[in-house]
Amino acid sequence: MKQVMVLISLVSRFWQSVMSRRTKEVALLKEGGSLGFSIIGGTDHSCTPFGAKEPGIFISHVVPGGIAAKSGKLRMGDRILQVNGEDITKLSHQEAVMLLLKHKDEIRLTVQHDPLPEGFQ
């Protein structure tokens with residue numbers, strides 16, 4: 001019985017962790033210029049200080065006054081999961097950059113708000 005209670009507790013904590021990571025879709029109109037953010041990470045690049053336990057591609061900087069900042073929906077540390085429905089979690093840094101640059105007018109990002117590392121909050 002005690003083992004069952006421990007297992008239930010572990011599953012509960014895991015589920016709370018998963019639910020606390022919010023994913024959302026963000027649409028940005030490029031207007032012929034930059035998206036207004038920089039990325040870090042990829043299968044071939046470090047993503048430090050983000051993604052310490054699970055590497056990926058992250059927004060490392062949001063340009064003040066840029067398209068991303070004006071949307072109010074993106075922040076430093078967001079994990080980018082998809083670009084226009086295409087999974088980018090297993091792409092190299094350069095492949096992710098090229099995919100972000102490929103789309104001319106509107107871009108839809110699926111992002112996950114990971115908790116920020118200590119010192120970034």
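What percentage of the 121 residues in the protein do buried residues make up? I looked this up before anything else, and the value is 36%. I note at the outset that the model is predicted.

**Entry 1: overall layout**

I recorded three helices and six strands in the protein. Read from the N terminus, the elements follow the order α-β-β-β-α-β-β-α-β. I then looked up the contacts with a separation of 6 or more, and 65% of them are accounted for by residues 24 or more positions apart. The accessible surface comes to about 7900 Å². Carbon and sulfur atoms hold 57% of that surface.

**Entry 2: strand E4**

I turned to strand E4, which spans residues 78-83. Five of its six residues are buried, so the strand is largely enclosed by the rest of the structure. I next looked up its partners. E4 pairs with strand E6 (residues 106-113) in the antiparallel sense, over five bridges. Within that pairing, Ile80 has Val111 of E6 as its bridge partner. E4 also runs antiparallel to strand E5 (residues 86-87), to which two bridges join it. Here I found Gln82 opposite Asp87 of E5. The hairpin of E4 and E5 has two residues between the strands, and in this hairpin Asn84 takes a positive phi near 50°.

**Entry 3: the nonpolar core**

In soluble globular proteins, nonpolar side chains tend to be buried together. I therefore looked up the largest nonpolar core, and it has 20 residues. Among the residues with the most contacts inside this core are Leu28, Phe37, Leu74 and Ile80. Strands E1 (22-29), E2 (37-41), E3 (57-62), E4 and E6 each supply at least two residues of the core, as do helices H2 (67-71) and H3 (93-102). I followed Leu74 further, leaving aside its neighbours within four places in sequence. Its contacts include Val26, Phe37, Ile59, Ala68 and Val111.

**Entry 4: helix H3 and the loop before it**

Is Ser92, in the loop between E5 and H3, buried or exposed? With a relative accessible area of 13%, Ser92 is buried, because the cut-off for buried is under 20%. Beyond its neighbours within four places in sequence, Ser92 is in contact with Gly42, Thr43, Asp44 and Ile57.

In H3 I listed His93, Ala96, Leu99 and Leu100 as buried. Seen down the axis of H3, the buried residues fall within an arc of 130°, so they line one face of the helix. An α-helix has 3.6 residues a turn, so residues three or four places apart point the same way. The buried residues of H3 pack against E2, E3, E4, E5 and E6. Leu101 and Lys102 are exposed, on the face of H3 turned away from its buried side.

**Entry 5: salt bridges**

How many salt bridges does a search of the whole structure find? The search finds two. Arg108 forms one with Glu25, and their closest N and O atoms are 3.2 Å apart. Arg108 lies in strand E6 and Glu25 in strand E1, so the pair ties together parts that are 83 residues apart in sequence. I noted Arg108 as partly exposed, at 33% relative accessibility.

Arg75 forms a salt bridge with Asp78, with the closest N and O atoms 3.5 Å apart. Arg75 is partly exposed, with a relative accessible area of 32%, whereas Asp78 counts as buried at 0% relative accessibility.

Definitions and conventions. Residues are numbered from 1 along each chain as its sequence is written. This is a predicted model: local features need pLDDT of at least 70, side-chain atom pairs count only at pLDDT 80 or more; totals for chains, interfaces and linings use all residues. Side-chain values use heavy atoms; hydrogens and water are left out. Buried means under 20% relative accessible area, exposed over 50%, partly exposed in between (1.4 Å probe, protein chains only). Helices (H or I, at least four residues) and strands (E, at least two) are DSSP runs, numbered from the N terminus. Two strands pair if DSSP finds at least two bridges between them. A nonpolar core is a set of buried Ala, Val, Leu, Ile, Met, Phe, Trp, Tyr and Cys residues joined through side-chain atoms within 4.5 Å. Contact means heavy atoms within 4.5 Å. The arc is that of the directions from the helix axis to the C-beta atoms. A salt bridge is a side-chain nitrogen of Lys or Arg within 4 Å of a carboxyl oxygen of Asp or Glu. Accessible areas come from the Shrake-Rupley method with a 1.4 Å probe; for residues, only the protein chains shown count as cover.
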